[in-house]
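Dear colleague,

Please find the structure below for your records. My notes on it follow directly after.

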Amino acid sequence: MKREKLYKMYIKTKNAIIKEESHTKYKELRNKIRDTTRKSQKEYLQEFFAKNIKNIKNTWKGIKSIIKINSSNRNQPNSLLVNNKLVSEPKQVAETFNEYFSSIAEKLQKKIKHVSKNFSSFLQNPNPYNFFIMPANVTQVINIINDLNSNKSLGPYSTPTDIFHLIKLNVAEPLTEIINLSFEEGVYIDQLKIAKVVAIFKEKGCHMDCTNYRPISLLSNINKIIEKLMHERLYSFLEKHRCIYELQFGFRSEHSTGHALTDLTEAIRKAMDESSYAIGVFIDLQKAFDTVDHEILLSKLDHYGVRGTPNNWFRS
């Protein structure tokens with residue numbers, strides 16, 4: 001406030017001597033404030049990083065705040081251009097996004113050229129063992145609830161995570177019973193299939209063009225409990241019977257991008273040693289997960305041992 005007062009005096013006064021004195025005092029105070037602010041910021045950041053040395057997420061937040069990286073603007077658009085017409089009514093905006101997001105996969109699938117061979121001709125030596133969904137127990141459910149992140153956004157039919165942590169001992173048993181019933185019957189709970197879809201701007205192009213947004217689906221946090229229980233069981237089965245390709249490095253425990261790089265550089269080194277050529281083909285598939293054929297996926301699960309009730313569960 002003192003600095004601003006001196007600056008106004010320097011700007012408004014017409015007396016040359018007073019003007020010069022005001023300007024000198026203003027600069028001294030401005031520099032003092034700048035140095036004090038920098039010192040304070042430095043002390044704050046040192047304390048922040050020391051406190052979060054083991055928290056990678058908070059560490060990156062601190063780094064981004066220093067180098068001025070702004071996170072994506074998640075404000076939902078209140079108007080869109082549709083066929084060169086401005087649409088501002090909230091329901092129309094939502095319907096426009098819904099129509100666009102729900103039709104992307106279908107439009108891309110029509111462009112895909114199908115090979116003459118049936119997909120089943122690529123599947124040989126089916127797994128003779130059948131996958132059985134082991135029932136969950138209360139302890140497993142409580143452990144997963146403990147790991148739920150309170151900072152994550154929630155979809156419909158969710159219990160606020162902080163409250164979930166408080167009531168876990170009361171809800172774990174009935175929740176375990178419901179989950180096991182789902183596993184036994186091969187039917188997924190209808191309410192938990194409903195998601196809140198949020199449109200996220202891709203940081204390119206016009207904000208009023210729906211094609212410049214990507215959808216994020218927020219599901220119930222109860223889904224996360226069921227997903228983790230099923231993932232643990234299915235992954236263990238597939239690993240045990242060696243159903244996963246040995247050079248699949250992503251989404252596997254004890255595998256990483258580092259292994260992929262090592263394998264690639266080793267292949268190139270070997271080719272150079274043998275005076276051969278090393279050729280790489282890198283493919284980025286548009287909307288890869290959206291265009292997966294569900295019937296083929298379910299048939300492949302059957303091929304690898306996920307049959308009967310477990311297959312019905314995934315179909316559901």
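The notes below concern a pocket and a pair of helices.

This is a predicted model, in which local features need pLDDT of at least 70 and side-chain atom pairs count only at pLDDT 80 or more, while totals for chains, interfaces and linings use all residues. Residues are numbered from 1 along each chain as its sequence is written, and side-chain values use heavy atoms, with hydrogens and water left out.

The largest pocket (an open set of points on a 1 Å grid over the protein atoms alone, where a 1.4 Å probe fits, with protein on both sides within 12 Å along at least five of seven lines) holds about 2,700 Å³ of space. Its lining (residues with an atom within 4 Å of a point) comprises 46 residues, and Phe289, Val292, Asp293, Leu297 and Leu301 lie nearest the centre. Among the helices (DSSP runs of H or I, at least four residues, numbered from the N terminus), α7 gives the largest share of this lining, 7 residues. By class, the lining has 27 nonpolar, 11 polar and 8 charged residues (Asp, Glu, Lys and Arg count as charged; Ala, Val, Leu, Ile, Met, Phe, Trp, Tyr, Cys and Pro as nonpolar; the others, Gly among them, as polar).

The axes (lines fitted to C-alpha atoms over the stretch in contact, with angles from 0 to 180 degrees between N-to-C directions) of α5 (residues 138-147) and α6 (residues 161-185) come within 9 Å and cross at roughly 135°. Helix α5 is therefore oblique to α6 (angles outside the ranges under 35, 65 to 115 and over 145 degrees). Their contact (heavy atoms within 4.5 Å) includes Val138 and Ile142 of α5 and Phe164 and Leu169 of α6. This contact has 9 nonpolar, 3 polar and 2 charged residues.

Yours sincerely

Definitions and conventions:
Points joined across faces, edges and corners; volume = space filled by probe spheres on them. Helix = DSSP H or I, 4+ residues; strand = E, 2+ residues; numbered from the N terminus.
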